[in-house]
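Work through the exercises below with the sequence and the structure at hand, trying each task before reading the solution that follows.

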Amino acid sequence: MELTLTDDQQLLRDTATRFMDATCPLETVRQLFDEGAGTDLPQGYLREAAELGWFSLLVPEELGGGSISDEGLRDAAIVAEERGKRLQPGPFVAMNVVASALARGGTASQRDSILPAVMAGEAAAWVANDATGTWAPGASISAAAREGGFALSGTSGVIQGANQATRLLVVAAGPDGLSQYLVATDLPGVVIHPLDSHDITQRFGTVELNEVHVGPESLVGKSGEATADIEQQLQIALVLSVAETLGTLAALFEMTRQYAVDRIAFGRPIGSYQGVKYQLADMSLSIEAAHAISAAATKGVQGAYADAGEVASMAKAWLGDIGIDVAQGCFQIFAGIGYTWEHDLHLFLRRITMNGLLFGQSEWHRERICAIQGL
């Protein structure tokens with residue numbers, strides 16, 4: 001994130017880190033998986049996070065939200081980066097996307113009833129993608145007009161927090177274009193299939209919609225005119241996902257750097273050997289570049305710059321490319337101990353890998369950048 005923070009932003013970060021360390025340290029994340037709890041969340045986690053304002057940062061004050069610096073996305077990215085350092089569970093990105101979408105295009109009723117529930121920690125998921133690694137909103141879910149409303153049909157790709165959500169923001173294609181609908185998960189025809197994930201610190205699932213009937217009050221924004229809103233939501237998701245991945249990488253590298261200082265071989269710290277020293281320097285340079293592109297993407301999307309989408313894709317492509325390389329370099333320095341289940345290193349690699357697939361992987365974003373440039 002930003003190299004320098006204001007006093008208020010520093011307070012936000014410190015408050016968030018104290019909450020994470022007290023409520024869900026890495027030992028708790030492991031315990032939830034080992035016990036097969038069916039959730040990645042400690043009891044009350046989302047509600048307590050909501051009390052800290054985590055899900056209202058992108059909502060204007062007049063709708064009950066607000067941020068500490070009046071630049072909500074920058075503040076949310078600070079929280080996301082700290083979440084990545086501590087491998088925090090929960091659909092933080094999705095809930096902020098849904099809250100932002102409702103604040104931006106929701107009806108008065110949606111803003112009065114559903115938006116406050118999301119800001120208060122009621123889990124919500126964004127059902128917009130049809131395949132892991134690419135980004136094609138609405139490609140696999142369709143909406144058809146029915147008497148008194150719409151019928152939604154299709155199956156999503158991998159959705160973060162799908163099995164925890166009580167509300168879904170569904171992107172669907174219709175005869176007049178893309179639209180977004182709010183769908184309660186207890187409606188007839190909604191089936192959520194939990195998935196086993198490479199990232200064991202989070203929960204994912206697919207959403208199956210079988211002729212799910214929703215009324216006109218479920219429509220978010222105008223029918224067939226959601227393309228611009230979906231692009232804005234994608235940019236928000238990219239910024240927060242990149243910030244989280246950056247935090248994960250930074251924590252993993254610091255763990256590795258400290259190990260290289262502490263581990264003694266042949267009477268010397270292994271970090272003093274030329275081969276290890278150069279490898280650490282290369283990884284550090286990649287992460288510093290990631291800091292710069294993440295900050296640029298956050299600033300661009302926050303300010304609604306003309307090239308914000310392009311820079312956000314650059315950031316996602318860069319983090320996706322260097323993330324696995326840096327993680328594998330850390331494995332090499334840790335050597336055999338790093339490959340054991342008991343060591344935490346693999347948990348960081350899992351988060352980096354999965355984040356690289358969500359909201360389009362590197363190859364897709366490079367193609368998107370070329371398309372924006374007309375290449």
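**Exercise 1. The largest pocket**

State the volume of the largest pocket, and find which residues lie closest to its centre.

Solution. In this predicted model, the largest pocket holds about 410 Å³ of space. Its lining is made of 19 residues, and those closest to the centre of the pocket are Leu58, Ser100, Gln232, Ile236 and Gln302. The next step is to ask where the lining comes from: helix 4, helix 5, helix 7 and helix 8 (274-302) are the elements that give two or more residues to it, and helix 5 gives the most, with three residues. Sorted by class, the lining of the largest pocket has nine nonpolar, six polar and four charged residues.

**Exercise 2. Helix 4**

Check whether the length of helix 4 agrees with its number of residues, and then decide how many of these residues are buried.

Solution. Helix 4 covers residues 72-85, which makes 14 residues. The expected span takes 1.5 Å times one less than the number of residues, so helix 4 should span 20 Å, and its end C-alpha atoms are indeed 20 Å apart, in agreement. As for burial, 13 of the 14 residues of helix 4 are buried, so that the helix is mostly covered. Alanine 77 is found in this helix, and because its relative accessible area of 0% falls under the 20% cut-off, alanine 77 counts as buried. Alanine 77 also has a partner that is distant in sequence, since threonine 298 is 221 residues away along the chain, while the two C-alpha atoms are 7.5 Å apart in space. Just after the helix, leucine 87 takes a positive phi of about 50 degrees.

**Exercise 3. Strand 3 and the strands it pairs with**

Identify the strands that pair with strand 3, and give the sense and the number of bridges for each pairing.

Solution. Begin with strand 2 (residues 141-146), which pairs with strand 3 in the antiparallel sense over six bridges. Within this pairing, alanine 144 stands opposite alanine 151 in strand 3. Two residues lie between the strands of this hairpin, where glycine 148 takes a positive phi near 85 degrees. Then turn to strand 8 (residues 204-214), which runs antiparallel to strand 3 and is joined to it by five bridges; here glycine 154 stands opposite leucine 209 in strand 8. Strand 3 itself, residues 149-155, is mostly covered, with five of its seven residues buried.

**Exercise 4. The cavities**

Count the cavities of 30 Å³ or more, and set out the linings of the largest cavity and the second largest cavity.

Solution. The count comes to four cavities of 30 Å³ or more, and the largest cavity has a volume of about 150 Å³. Its lining includes Ala94, Trp126, Trp135, Ile159 and Phe359, and the elements that give two or more residues to this lining are helix 5 (92-105) and strand 4 (159-160). By class, the lining of the largest cavity has nine nonpolar and two polar residues, and no charged residues.

The second largest cavity holds about 50 Å³ of space. Among the residues that line it are Val242, Lys316, Ile352 and Asn355, while helix 7 (227-262), helix 9 (308-334) and helix 10 (345-357) each supply at least two residues of the lining. By class, the lining of the second largest cavity divides into three nonpolar, four polar and one charged.

Notes. Residues numbered from 1 in each chain as written. Predicted model: local features only at pLDDT ≥ 70, side-chain atom pairs only at ≥ 80, totals over all residues. Heavy atoms only, no water. Helix = DSSP H or I, 4+ residues; strand = E, 2+ residues; numbered from the N terminus. Buried < 20%, exposed > 50% of the residue type's maximum accessible area, 1.4 Å probe, protein only. Pairing = 2+ DSSP bridges. 1 Å grid on protein atoms, 1.4 Å probe; cavity = no way out; pocket = protein on both sides within 12 Å on 5 of 7 lines; lining within 4 Å. Points joined across faces, edges and corners; volume = space filled by probe spheres on them. Nonpolar A, V, L, I, M, F, W, Y, C, P; charged D, E, K, R; others polar.
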